[in-house]
Amino acid sequence: AETAGADVLIITHWRRNGDGKMERIPVKKKNYKRYISLYVMMSVSICYYVVYRYAPIFGNIIALKDYNIQAGIFRSNWAEPLNKYFKMFFESPNFRQLLTNTAIISFYKLVFVTFGGISLALLLNEARKKRLRQTVQTASFLPYFLSWVVIYSISQVFFSQSTGLINHAIRQSTGETIPFLSSDKWFRFILIMTDVWKEAGWSSIIYIAAMAGIDPALYEAARVDGAGRLRMIISITLPCIKNVIIMMLILKLGTIMDAGFEQVFIMYSVPVYPVADILDTWVYRVGLQQMNFSLAAAAGLFKSVISFILVVAANKVSKRWGESMW
């Protein structure tokens with residue numbers, strides 16, 4: 001390649017002429033300046049990721065140091081040995097409980113939110129009345145825009161042991177109440193149910209968009225063959241959107257170790273720590289309340305490594321199953 005001027009790139013191609021000799025053919029590539037407006041728009045997102053996503057990765061070095069907030073990252077002494085805080089985290093009596101709670105809550109959310117979104121999308125796709133479909137779809141994704149503080153307040157209205165509407169009905173029929181929000185038997189159920197209510201409607205939009213791209217001729221052919229609605233869903237709709245389902249699962253696997261810090265932090269309490277305390281809430285208490293930043297960074301780095309492994313593994317599995325899942 002040769003450069004002609006400051007703005008135009010000359011790419012040399014070779015071809016054989018009539019005499020059998022090789023000759024160069026210069027091909028001009030378009031000037032990049034014409035796309036400057038797009039680059040400026042893209043630079044905002046790039047700056048965001050560089051400042052808030054990539055730059056903080058350097059801070060993980062404090063997991064290998066006896067970090068002192070006054071000394072800073074560079075002047076803090078290295079831990080002896082370097083795996084001191086990782087060993088401390090792995091040997092913590094809470095390690096197994098934290099890992100178990102995080103995995104269980106994340107898995108339940110992944111399964112039920114995905115299943116709820118697909119089910120809602122199938123129901124809306126099969127609805128015949130357009131106005132009813134639009135009304136239900138709008139009402140279903142509105143909770144996505146509510147904060148967890150608001151959702152927790154709504155949960156209190158229904159599930160509070162003293163003033164909740166559900167406990168009021170139970171008290172009138174049995175004379176007893178159920179501590180839904182402070183019982184280790186019910187708390188995970190409340191977490192999953194509120195998360196499905198908040199997220200399923202929004203995730204269904206993606207599946208509805210995928211269903212809109214299915215060729216109507218497939219359904220017409222199935223009706224001619226005598227297939228009912230259920231058979232068409234199983235044999236046409238689900239296989240046609242399987243790539244979207246796999247893609248959504250891969251995207252969610254990247255955050256499966258999060259388990260929803262904001263939701264758990266707002267809704268949990270000391271009585272439900274055995275079933276609700278997850279890695280992120282433990283890191284918050286250790287890092288910000290106990291000021292042990294090195295131990296918190298070690299736990300956070302461990303969680304990031306596990307998430308990365310899950311994403312890579314899910315991507316490989318999806319490539320293998322992509323053509324034969326159904």
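This is a short dialogue on reading cores, cysteines and a loop residue in a predicted model.

Trainee: Let's start with the interior. Which residues have the most contacts inside the largest nonpolar core?

Mentor: A nonpolar core joins buried residues through their side-chain atoms. Here the largest one has 23 residues, and Phe-89, Trp-282 and Leu-295 have the most contacts inside it. At least two residues each come from helices H3 (84–90), H4 (95–126), H11 (242–253), H14 (279–289) and H15 (293–321). H15 gives the most, with 6 residues.

Trainee: What is Leu-295 in contact with, leaving aside its neighbours within four places in sequence?

Mentor: Its partners are Tyr-85, Met-88, Phe-89, Trp-282 and Val-286. There is also a second, separate core of 19 residues, with Ala-121, Ile-214, Tyr-219 and Met-248 among them.

Trainee: On to the cysteines. How many disulfides are there?

Mentor: A disulfide is a covalent bond between the sulfur atoms of two cysteines. In this model the count comes to 0. As for accessibility, Cys-47 is partly exposed, with a relative accessible area of 48%, and Cys-240 is partly exposed at 40%.

Trainee: And Glu-176: is this residue buried or exposed?

Mentor: The cut-off for exposed is over 50% relative accessible area. Glu-176 counts as exposed because its relative accessibility is 58%. You will find Glu-176 in the loop between helix H7 (165–174) and helix H8 (187–212).

Trainee: Which residues does Glu-176 touch beyond its neighbours within four places in sequence?

Mentor: Glu-176 is in contact with Ile-170 and Arg-171. For a distance to try in your viewer, the C-alpha atoms of Glu-176 and Gln-161 are separated by 9.7 Å, with the two residues 15 apart along the chain.

Terms used:
Residues numbered from 1 in each chain as written. Predicted model: local features only at pLDDT ≥ 70, side-chain atom pairs only at ≥ 80, totals over all residues. Heavy atoms only, no water. Helix = DSSP H or I, 4+ residues; strand = E, 2+ residues; numbered from the N terminus. Buried < 20%, exposed > 50% of the residue type's maximum accessible area, 1.4 Å probe, protein only. Contact = heavy atoms within 4.5 Å. Disulfide = S-S within 2.5 Å. Core = buried A, V, L, I, M, F, W, Y, C linked by side-chain atoms within 4.5 Å.
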